[in-house]
Amino acid sequence: MNTLTHYMLAGMMLASGIHYQAAGKTARPARQPFPEKGFWVTETSPDKKSTIVRYYAHSNYLVSETTEPEVLDVRKLAVRKYLNEKLRKELEKDTTGQSAIKLFEIN
């Protein structure tokens, strides 16, 4: 088989894999809990003894910033669930109304 055939075969396999993944995204898996609103970002402090967590509403509004006393491993399901719950509480405390801001509008 020549090189062109290999590339065509690889492209077809890639396209079928993407289609298969897109078709299976009807529900969120339990292993990947995503927050309903907003998002959080973690940053391990330079001393490697704590974690800075920033909670955002949508893409550009910082709701709060906290420091957790230990290093959080976001690969763990329990840590992600903990951060999602903290995000939900922070968004409830947000009284500025910025969490409901629209990033764009269609006129």
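Here are some friendly notes on this predicted model, point by point.

1. **Overall layout.** The protein is built from two helices and three strands, and along the sequence these follow the pattern α-β-β-β-α. Of its 107 residues, 21% are buried. If you look at contacts between residues at least 6 apart in sequence, 40% of them join residues at least 24 apart.

2. **Confidence.** Before you set up any calculation, a word on pLDDT. The average for the protein is 76, and 66% of the residues score at least 70. Helix H1 (residues 3–23) has the lowest confidence, with a mean of 66, while strand S1 has the highest, at 92. Where pLDDT is low, the predicted coordinates should not be read in detail. The remaining points turn to the strands and to helix H2.

3. **The nonpolar core.** Which residues form the largest nonpolar core? There are 10 of them: Trp 40, Val 53, Tyr 55, Ala 57, Tyr 61, Leu 72, Val 79, Leu 83, Leu 87 and Leu 91. Two elements, strand S2 (51–57) and helix H2 (77–93), each give two or more residues to this core. The largest share, four residues, is from H2. As background, nonpolar side chains tend to be buried together in soluble globular proteins.

4. **Trp 40 within that core.** Trp 40 belongs to the core just described, and its contact list is worth a look. Setting aside neighbours within four places in sequence, Trp 40 is in contact with Val 53, Arg 54 and Tyr 55, with Val 74, and with Arg 80, Leu 83, Asn 84 and Leu 87. Among these partners, Arg 80, Leu 83, Asn 84 and Leu 87 are also listed as buried residues of H2.

5. **Helix H2, geometry and faces.** H2 has 17 residues and reaches 25 Å from its first C-alpha to its last, close to the 24 Å expected at 1.5 Å a residue. Its buried residues are Val 79, Arg 80, Leu 83, Asn 84, Leu 87, Glu 90 and Leu 91. Viewed down the helix axis, these buried residues of H2 fall within an arc of 135 degrees, so they line one face of the helix. The general background is that an α-helix has 3.6 residues a turn, so residues three or four places apart point the same way. On the face turned away from the buried side, H2 carries the exposed residues Ala 78, Glu 92 and Lys 93.

6. **What H2 packs against.** The buried residues of H2 pack against S1, S2 and strand S3 (61–68). Ser 64, in strand S3, gives a local example: leaving out residues up to four places away in sequence, Ser 64 touches Val 53, Arg 54, Tyr 55 and Glu 90. Ser 64 is buried, with a relative accessible area of 14%. The C-alpha atoms of Ser 64 and Lys 93 are 9.9 Å apart in space, although the two residues are 29 apart in sequence.

7. **The aromatic pair.** How many aromatic pairs does the structure hold? There is one. Phe 39 and Tyr 56 form this pair, which is stacked, with 5.0 Å centre to centre and 15 degrees between the planes. Phe 39 lies in strand S1 (residues 39–44) and Tyr 56 in strand S2, so the pair ties together parts that are 17 residues apart in sequence. The two partners fall into separate burial classes: Phe 39 is partly exposed at a relative accessible area of 30%, whereas Tyr 56 is buried at 19%. With the cut-off for buried set at under 20%, the 19% of Tyr 56 counts as buried.

8. **Thr 44 in S1.** Thr 44 also sits in strand S1. Thr 44 is partly exposed, with a relative accessible area of 37%. Apart from neighbours within four places in sequence, its contacts are Ser 50, Thr 51 and Val 71. Thr 44 and Asp 73 are 29 residues apart along the chain, and their C-alpha atoms are separated by 9.6 Å.

9. **A backbone angle to check.** Lys 48 has a positive phi of about 60 degrees, although it is not a glycine. Where does Lys 48 sit? Its place is in the loop between S1 and S2. Is Lys 48 buried or exposed? Lys 48 is exposed, with a relative accessible area of 61%.

Conventions. Residues numbered from 1 in each chain as written. Predicted model: local features only at pLDDT ≥ 70, side-chain atom pairs only at ≥ 80, totals over all residues. Heavy atoms only, no water. Core = buried A, V, L, I, M, F, W, Y, C linked by side-chain atoms within 4.5 Å. Buried < 20%, exposed > 50% of the residue type's maximum accessible area, 1.4 Å probe, protein only. Contact = heavy atoms within 4.5 Å. Phe/Tyr/Trp six-rings, centres within 6.5 Å; stacked < 30°, edge-to-face > 60°. Expected span 1.5 Å × (residues − 1). Arc of directions from axis to C-beta. pLDDT = per-residue confidence, 0-100.
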